[in-house]
Every structure is written in structure tokens, then in C-alpha cells.
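Visitor: Hey, can we look at this one together? I'm new to this.
Guide: Sure, let's pull it up.

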Amino acid sequence: MSVCKYFGTDGIRGKVGESLITPEFFLKLGFSAGKVLSQHGSKKIIIGKDTRISGYMLESALEAGLSAAGLSTAFTGPMPTPAVAYLTRTFRADAGIVISASHNPFDDNGIKFFTTKGSKLPDEVEKAIEDTMAKEFLCVESSSLGRSSRIIDAAGRYIEFCKGTFPNNLTLNTLKIVVDCAHGATYHIAPNVLEELGATVTSIGVKPNGMNINKNCGTTDIRRLQERVLAENADVGLAYDGDGDRIIMVDHMGYKVDGDQILYIIACEEKRQKSLKGGVVGTLMTNKGIELGLANLGIPFARSRVGDRYILEVLKQKGWRIGAEHSGHIILLDKTTTGDGIIAGLQVLTAMLLTNKSLYDLRKNIILLPQKLVNIRCTGINNPLEDSKVKRVIAEAESELQGTGRVLLRKSGTEPLIRIMVEGANGSQVSALSQYIANIVQQCDIS
């Protein structure tokens, strides 16, 4: 099958006002998606968004395109991505759409599609939408135009769903929690979920103004959360990204607990409860220490390409239920259909309560290999990954590691970045090699 021109690993994403993220493009995208989805019987689409100021503009253009194709839309307002997937299922809608750029800065935006079952659109449907965009825009007759409506209490419905994934016989009334909502889509959801389950909650990042989403907060910058956990003498801190499908945690000592460690904690608790089905799925970026630790516990582990859609593919192939990315996408197929930061956090809190252990105690025995991640912004003029100098320096680094580590370079599927990962037994060596490779990549990109 041909490679998609617009759709990446997580929908379509870019800078607002440039190339793809314009009202004109979203109008045509809405119409083309409507024409393709209507062939699959679709007539009603649920649309949600995060808190970016551009979401209102793009939402209007998208709705106009869908209406012109004859599809009706139901709006949720600002809502986490996994909430839209959930509402699409419960309302028996034919598809769901989220306008969001996830963890990116506010001046980026994007779009994600879900099927009626709450899963990502198949590649062939995305390709069909792109092919339709090359055709003439022909509005349906007035009598066939789609209508728009708003879902009443969408937030309340999702709050109850999240609470339903937490054991009925437990309460959070012994825990003091700091939650950072990144001024994003979870700002009116996550604090309420935790408070209604009994926790004492301190909230930060809950005053979105359209331009502060992910700014010095959330999963991409947990320093403020760490400081607040220590200042409040809290038991745990939870950070979400702009659209709520990622989570990073902080223990009471202020230490970061990333997606790899969260995966390990949840898998270990399910094994302890004898409810683990098969094994777990990580990605090429998952720390080797996680793989080794799971092996010691007899828990099978498999790696996928980077991206939650690829984790889902492997989970479905193997019939397993738990997968995660280092960045904090945690997929729990026995609870929901896509990555969900709130639900993943609740499972870790459950493990803390059932084992009577702090998050620090749950994570302290996880031995991670030193790993260094470096992001280099690309100009787009050259592809450094194809440069002979870059290939040579990678080979040199792998030789220096002498089989004790890994080197991985890849293009980001969501931002114009080259992501560099070096992992090994010696932290100083790993840091030096990653910076050396980054310097060469940067030189090749601008040469």
C-alpha cells in the first residue's frame, strides 16, 4: 500500500497557519473524510479538542467540511483524546475526531480519527481520505447537509467511566496527590476523578488560556510538579500531556517515574493478582532494564515500532493487553481502547494501595540501564539519517559500546525532529556518545 502523504504515526500534525494546519485544509479534509466515512455507513461524527486557541477555528472548518459531505457532528468541547474514543463507542457514533497536537507547543495543532470501536483508523482508510482530497469538492444538496449538536455533560460521563476502572472496594482517602494537567484537556477531568475517589488533591496546570498548554508543565516538563510534591509533602504526583493520553508520575521523594517504569509496575501487579494475560509490549525505545527485569519475573516482553498504533498492532497479534511507550503512552486493553493517562495512573494508585507500598517502593527495585535521549530539530532540507557521516558515527558508537548497549536514531512521527537514543552500561559513555552523534546529525542537517 502507498505511504500516506499527510497522515503520520499519530494523525496529522504541524504548525498552525502553515501547510496542513489551516482552515482551508481542514475544510477539505473534513469533506474528504466525510465522503470516505459515509461509504462505511457513517452519518454521525463526534468531535473533541484540547485547549489550544486554534482549536475553535479548525473545529469550525472541519465541521463545515463534514456537513458539506452530508455528515452530522456532535461536539464535546475540550476533552482528552481517550475520552473522545470512549464517547464514540458509548454513543454508537460512526467515528470520532480529536483536534489536538498532544504534547506539542500551543502554536502546533493536528487531528486524530477513531473508528466506531474507539481505535485508530486503519491505514487504508487514511489513504482513501488522502486520495479523496485530490478530487473535486462537490457539496451535497441542501436537504442532505449534516447538522451539528453538542453532547451535554460529556465531561461527567467520562469521569464516571474513569472511576469505573478503579476497584469498588478501595478509596484514595489516604493519599495526598498533586496533579499537573498541563493547562490541557484534562484540566476539568483528572482533579474531579481523583477527588471523587477520595484523594486530597492539589491541582496545577488547570487554567488554560489557549496559549499555555504544555508550557513548562505536564509530561514534557515535570520540574514544577516535582517541586510541588515535595512542598506539599504529597504521596505522589501525576502529570498529563495536552490531550491526556500520556502520563508521567513523581514519587514522594520527587523522583520521576516514566512510561517504562509505569508499564513494569502495572504488569507486576497484574502478575501478583494472577490476572496478567500473556506478556507486555514496549517499543524500540523501551529501556533494556525493563526487558531484563520482566524476564526475571517470567513475564514475556515484545518490542514494536515507536508509536501507540504499532503497540496496539502487536498487542492484538499476541492477544495481550498491556503496552506502553517510554514517553508515557500506557495502553490497557482490558480497560479502554487507546492510551489513557488518567486510567493508567489509577492502576498505579491501585497497586500502591493493594501492596501498601509507596510509589518510591514500587519503583526502587527497577534497574534501568543508563539511557540518553537527544532531540535535534530538522530543517527539512536534508535527511541526516541517510548521510554517510551519520551512518559512520553510529557504527563507531555501536563498536565502542561493545555489545553492552544500543544506538537508535529515528525521525519523529509528530514533530520535525531527529530523535537520538543511546543506551549502555556506562552512563558517562552513553552521555558522551549521544552528544557526539547529535553534533554530527546537526552538522549534516544544515550542510
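Visitor: So how many cavities of 30 Å³ or more does the structure hold?
Guide: It holds 1. Quick note: this is a predicted model, where local features need pLDDT of at least 70, side-chain atom pairs count only at pLDDT 80 or more, and totals for chains, interfaces and linings use all residues. Residues are numbered from 1 along each chain as its sequence is written, and side-chain values use heavy atoms, leaving out hydrogens and water.

Visitor: What's a cavity here?
Guide: On a 1 Å grid over the protein atoms alone, it's a set of points where a 1.4 Å probe fits but cannot get out; lining residues have an atom within 4 Å of a point.

Visitor: Which residues line the largest cavity?
Guide: Among them are Phe7, Asp10, Lys112 and Arg309.

Visitor: New topic: where is Ser102?
Guide: Ser102 sits in the loop between strand E4 (95–99) and strand E5 (108–115); strands are DSSP runs of at least two residues, helices of at least four. An unreviewed UniProt entry lists Ser102 as "modified residue: Phosphoserine", though such annotations may be inferred rather than shown by experiment.

Visitor: Why is Ser102 called buried?
Guide: Because its relative accessible area is 1%, and buried means under 20%, exposed over 50%, partly exposed in between (1.4 Å probe, protein chains only).

Visitor: Which side chain does the Ser102 side chain make a polar contact with?
Guide: That of Asp241, at 2.9 Å. A polar contact is a pair of N or O atoms within 3.5 Å; within protein, one must be able to donate a hydrogen and the other to accept it, and residues adjacent in sequence count only if both atoms are side-chain atoms.

Methods: On a 1 Å grid over the protein atoms alone, a cavity is a set of points where a 1.4 Å probe fits but cannot get out, and a pocket is an open set with protein on both sides within 12 Å along at least five of seven lines; lining residues have an atom within 4 Å of a point. Grid points are joined across faces, edges and corners, and a volume is the space filled by probe spheres set on the points.
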